[in-house]
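User: Got a minute to go through this structure with me? I'd like to start with confidence, then charges.

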Amino acid sequence: MTDKLKPCPFCGSENIGTAKGYVSFLLKKYRGNVRAIGCKDCGSVAGVFNTLAMSVEEAERLAIESWNRRADNDR
């Protein structure tokens with residue numbers, strides 16, 4: 001992932017990471033075929049995409065877009 005991830009919208013932390021192995025309950029359900037972005041400090045998660053339905057690259061791109069989306073994007 002080359003795109004810059006915005007800080008967490010809830011706690012402001014920049015300790016953000018990809019959830020290839022981060023969201024354990026989802027990974028168990030989807031057998032590890034999940035990509036998401038999450039805050040390692042407060043635990044918020046966004047952009048959870050199943051890689052069985054799309055390519056890994058597309059899932060990662062969509063996860064980044066979802067994480068970086070904010071209510072005031074259009075301002």
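**Confidence, strands and charges**

Analyst: Confidence first. This is a predicted model. The mean pLDDT of the protein is 81, and 75% of the residues score at least 70.

User: Which elements have the lowest and the highest mean pLDDT?

Analyst: Helix H1, residues 24–30, is lowest with a mean of 58. H2 is highest, at 92.

User: OK, strands. How do S2 and S3 run, and how many bridges join them?

Analyst: They run antiparallel, joined by 4 bridges. S2 covers residues 34–39 and S3 covers residues 45–50.

User: Which residue in S3 stands opposite Val34?

Analyst: Asn50.

User: And what links the two strands in sequence? How many residues lie between them?

Analyst: S2 and S3 make a hairpin, with 5 residues between them. Gly43 sits in that turn and has a positive phi of about 85°.

User: Switching to charges. How many salt bridges are there?

Analyst: The count is 3. One of them pairs the side chains of Arg35 and Glu60, with N to O at 3.2 Å.

User: Where do Arg35 and Glu60 lie?

Analyst: Arg35 is in strand S2, while Glu60 is in helix H2, residues 56–68. The pair is 25 residues apart in sequence, so the salt bridge ties together separate parts of the chain.

User: Is that pair buried or exposed?

Analyst: Buried, on both sides. Arg35 has a relative accessible area of 14%. Glu60 comes out at 15%. The cut-off for buried is under 20%, so both values qualify.

User: Which other side chains meet in a salt bridge? Start with Glu58.

Analyst: Glu58 meets Arg61, at 2.7 Å from N to O. They are 3 residues apart in helix H2, so about one helical turn separates them.

User: What does Arg61 do besides that?

Analyst: Arg61 also forms a salt bridge with Glu65. The closest N and O atoms there are 2.4 Å apart. This pair is 4 residues apart in H2, again about one helical turn.

User: So how are Glu58, Arg61 and Glu65 linked?

Analyst: In a network of salt bridges. Arg61 takes part in both pairs, with Glu58 and with Glu65.

User: What's the accessibility of those three?

Analyst: Each one is partly exposed. Glu58 has 31% relative accessibility. Arg61 has 35%. Glu65 has 39%.

User: Any general reason why such side chains pair? What has to come close?

Analyst: Side chains of opposite charge can pair when their charged atoms come close.

User: Now Arg70. Where is it?

Analyst: Arg70 is in the segment after H2.

User: Is Arg70 buried or exposed, and what is the nearest side chain of opposite charge?

Analyst: Arg70 is buried, yet it has no salt bridge. The nearest side chain of opposite charge is Asp72, 6.4 Å away. A salt bridge needs N and O within 4 Å, so Asp72 doesn't make one with Arg70.

User: Then which backbone oxygen lies by the Arg70 side chain?

Analyst: That of Pro7. It lies 2.5 Å from a polar atom of the Arg70 side chain.

User: What else is Arg70 in contact with, leaving aside neighbours within four places in sequence?

Analyst: Lys6, Pro7, Cys8 and Pro9.

User: Last one, back to Arg35. What polar contact joins its side chain to Glu60?

Analyst: One of 3.2 Å, between the two side chains. Arg35 itself is in strand S2.

Conventions
Residues are numbered from 1 along each chain as its sequence is written. This is a predicted model: local features need pLDDT of at least 70, side-chain atom pairs count only at pLDDT 80 or more; totals for chains, interfaces and linings use all residues. Side-chain values use heavy atoms; hydrogens and water are left out. Two strands pair if DSSP finds at least two bridges between them. Helices (H or I, at least four residues) and strands (E, at least two) are DSSP runs, numbered from the N terminus. Buried means under 20% relative accessible area, exposed over 50%, partly exposed in between (1.4 Å probe, protein chains only). Lys and Arg count as positive and Asp and Glu as negative; His and the chain ends are not counted. A polar contact is a pair of N or O atoms within 3.5 Å; within protein, one must be able to donate a hydrogen and the other to accept it, and residues adjacent in sequence count only if both atoms are side-chain atoms. Contact means heavy atoms within 4.5 Å. pLDDT is the predictor's confidence in each residue, from 0 to 100.
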